[in-house]
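Let's take a walk through a protein model together. Keep the sequence at hand and turn the structure around as you read.

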Amino acid sequence: MAIAERQLETWAKQGSTGQFTGTYNTMRGHLLDASAPYPIANTEVFLQGSYGNDTNVYADSDVDIVLKHTGAYYYDLSQLSPEHRANYERASVGGVQYGYDQFKAHAEGYIKRLYNGVQVGKKAVFVPGNNGRRNADILICQEFRRYIAYEPGNVRYHEGVAFFSGGNRIDNFPKQHSANCTSKHQATNSNFKPMVRIFKNMRNTMIEKGYLADGIAPSYFIEGMLWNVPIDKFTGNLGDMFVACYNWIVNADVSKLACVNDLYWLVRDNSSVCWPTANFPTFTSALKAYWES
C-alpha cells in the first residue's frame, strides 16, 4: 500500500530555518571576530550539511558550520602524471609556519571561551544551544587541494577541506556538494530537494518504527543516492517521483554511483567518505518494506 500523497507533501516541506539562520550568522560573527587567536585573514566560515543545502527536515536540530584555515593546505598528487608531480615538487617550498595543528588548538580554545558546555568530538566541536541559539557542530579544518595538473600556466586542482579523526586524515569537498545539489534542484524543476526531504523523513520514520537501524543511512549519502537519479525521473506527483527514483536506484549499477561532489564514489567499503556496501541495500530494502506496509 503506497504512502498517501498528503503525507509525502508534508515530508517534502523544508523544516524551520529562522532560528538556524540566526544561529549561523551570530556564530559566524564570533568566529571571524578580530579578537580570535587565529589569523582571520586566512580563515573562512561557511555552512554545510542539511541547512547549508536546504534539505533540512523538522527533525534536524544541529547547524553544521565549517571553520577553515586557508593559510596552508594539505594536498593529493595521485592524479598527476610523473612529469607534473615533479613540477610540483620542484616548485614546493618548505614547511608552513602556522598550520592545522596550531589553528585547531587556537580555535578549540577560543570556542570554549565563547560558549558554555563545549564538547570536542572526534570530528567536530559541539556547541550546545540556548534559548536563542540552536545546537551547532563546528568542523575545524584546513584547505585541501586535489591536483589534476601542474605545469607552467596550467595549475589546476579541486579545492576542499581536510581534517583528522582518529589519527586519519579525511578529505572532502563540501562546496562542490552544495553547488551540485543546487544545480540538480534547478535542473529538476525544483523537485530534487523536496524528494531528498521525503527520503530523509521516511528514514526517520522507519527508524522510529523499527524498519531500519539508526546510522545506516546518513543524510549525506541519501543526497548522494538521489543526485545520481536522472532528471526525467523527477516528474509527476510526489508519489510518481518517489517510485520512479526508487526503481531507478535499485536497478542502477551501485559501483558507478558518485557522491554529490562528483569527486568520490558513493558506495565503497573502508572509506570514511563513502557509504558502506552492505548499508546501501539495507536502506533500499527497508524503503520498499515500509512503502508496501
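Here is a report that goes from the whole protein to its strands, its helices and a few single residues.

## The big picture

First things first: what you are looking at is a predicted model. Its secondary structure comes to ten helices and seven strands. The radius of gyration is 21 Å, close to the 19 Å that the globule rule gives for 293 residues, so the protein is as compact as a globular protein of that length. If you drew a box around the C-alpha atoms along the principal axes, that box would be roughly 65 × 55 × 35 Å.

How much of the protein is buried? Buried residues account for 45% of the 293 residues. On the outside, the accessible surface comes to about 14,100 Å², and 48% of that belongs to carbon and sulfur atoms. There is also plenty to see when you compare the sequence with the fold: of the contacts with a separation of 6 or more, 66% are between residues 24 or more positions apart.

## Strands side by side

Start with β1 (43–48). This strand runs antiparallel to β2, and six bridges join the two. One pair to look for is Q48 and its bridge partner in β2, D64. Now stay with D64, as this residue also has a bridge partner in β5, namely D137. β2 and β5 run parallel, with eleven bridges joining them.

From β5 you can carry on to β6 (residues 154–165), an antiparallel neighbour joined to β5 by nine bridges. Across this pair, F144 stands opposite G160 in β6. The two strands form a hairpin with two residues between them, and G153 in the turn has a positive phi of about 75°.

Then comes β7 (residues 168–172), which pairs with β6 in the antiparallel sense over five bridges. Here A162 has D171 in β7 as its bridge partner. β6 and β7 make a hairpin too, with two residues between the strands, and G166 takes a positive phi near 60° there.

## A helix with a buried side

Next, find helix α2 (residues 18–31). This helix has 14 residues and reaches 20 Å from its first C-alpha to its last, close to the 20 Å expected at 1.5 Å a residue. Which residues of α2 are buried? They are F20, T23, Y24, M27 and L31. These residues cover an arc of only 95° around the axis, which puts them on the same side of α2. A general rule helps here: an α-helix has 3.6 residues a turn, so residues three or four places apart point the same way.

What do the buried residues of α2 pack against? Their partners are strands β1, β2, β4 and β5, along with helices α3 and α5.

## A helix that is mostly covered

Helix α8 (residues 219–227) is worth a look as well. Eight of its nine residues are buried, so α8 is largely enclosed by the rest of the structure. Among the buried ones are F221, I222, M225, L226 and W227, and the list also includes E223. The cover over them includes α3, α6, α7, α9 and α10.

## A107, tucked away

Is A107 buried or exposed? This alanine sits in helix α5, and A107 is buried with a relative accessible area of 0%. Apart from neighbours within four places in sequence, A107 is in contact with Y38, L67 and I140. For a sense of distance, try A213: A107 and A213 are 106 residues apart in sequence and 35 Å apart in space, C-alpha to C-alpha.

## Two unusual backbone angles

Most residues other than glycine have a negative phi. Where should you look for exceptions? One is S190, whose phi is positive, near 65°. S190 lies in the loop between α6 and α7, and is partly exposed with a relative accessible area of 40%.

Another is N270, with a positive phi near 60°. You'll find N270 in the loop between α9 and α10. N270 is exposed, and its relative accessible area is 85%.

Technical notes
Residues numbered from 1 in each chain as written. Predicted model: local features only at pLDDT ≥ 70, side-chain atom pairs only at ≥ 80, totals over all residues. Heavy atoms only, no water. Helix = DSSP H or I, 4+ residues; strand = E, 2+ residues; numbered from the N terminus. Expected span 1.5 Å × (residues − 1). Buried < 20%, exposed > 50% of the residue type's maximum accessible area, 1.4 Å probe, protein only. Arc of directions from axis to C-beta. Contact = heavy atoms within 4.5 Å. Rg over C-alpha atoms; globule rule 2.2 N^0.38 Å. Areas by Shrake-Rupley, 256 points an atom, 1.4 Å probe, with all protein chains shown as cover. Pairing = 2+ DSSP bridges.
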